[in-house]
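I opened this entry to keep track of what I looked up, beginning with the surroundings of the ligand and moving on to the chain.

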Amino acid sequence: MKREEFSKVSSATKHPARVALAIVKDKNDKYNMITLEWFMKTSIEPPMFAISIGHTRYSHECLQNFRFFNLCLPAKEMKEVSMICGTKSGRDIDKFEVTGVEWSAGRLAKLPILKDARANFECKVITQVRSGDHTIFVGEVKHSWLNVEKEVITVRDLA
Ligand SMILES: Cc1cc2nc3c(=O)[nH]c(=O)nc-3n(C[C@H](O)[C@H](O)[C@H](O)COP(=O)(O)O)c2cc1C
């Protein structure tokens, strides 16, 4: 065991990590998707997820206005979608148009449910906390959707 820089230890221990897409809505009612590695379940009853979003992300701005998000677990086939949503900003492009993902309106806030994902969780933001250059948004899950035929993608699949 050797003492190292945080960044070195962190990247050497990140696999296998799951990837998620958070789906949000901007003030012009345009939907946006952001790829996330930093998310986790934080409560069983009621079910809750926390997502950590950088202050510079367009999705951060969206979540300050519209306090709902869908947490989507993409399927293995959604590598390109996950890469586009993780490298392009909703400030510059419409990610739904560019990726052509199929979706239907959810029940909670009508945010898109991605048809070909492994799972979708419809969440209402309950609280948020600043964490350095990110904000952790905690969402209570109101509806859950599962596609049993699909497998989840991991960060390794994106390499
Ligand atoms: C595999 C992967 C994981 C990522 N994880 C996060 C994350 O947990 N939090 C975050 O703020 N950005 C994360 N990003 C970066 C954002 O997805 C990226 O900056 C995105 O373009 C922001 O989109 P927006 O400006 O439309 O919100 C990740 C990117 C990739 C490719």
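I sorted the residues of the shell around the ligand by type and found eight nonpolar, ten polar and four charged, where Ala, Val, Leu, Ile, Met, Phe, Trp, Tyr, Cys and Pro count as nonpolar, Asp, Glu, Lys and Arg as charged, and the others, Gly among them, as polar. I note that this is a predicted model, in which local features need pLDDT of at least 70 and side-chain atom pairs count only at pLDDT 80 or more, while totals for chains, interfaces and linings use all residues. Residues are numbered from 1 along each chain as its sequence is written.

I then looked up which residues these are: 22 surround the ligand, and the closest are Trp38, Ser59, Gly86, Ser89 and Gly90; a residue counts as near when its C-beta atom, placed from the backbone, lies within 6 Å of the molecule.

Which element gives the most to the shell? I found that β2 does, with four residues, and that β2 (31-36), β4 (48-54), α2 (58-65), α3 (79-87) and α5 (155-158) each supply at least two. Helices here are DSSP runs of H or I with at least four residues, and strands are runs of E with at least two, numbered from the N terminus.

For the protein chain as a whole, I noted five helices and nine strands, which run α-β-β-β-β-α-β-α-α-β-β-β-β-α from the N terminus on. Finally, I looked up its extent, and the C-alpha atoms fill a box of roughly 50 × 35 × 35 Å, taken along the principal axes.
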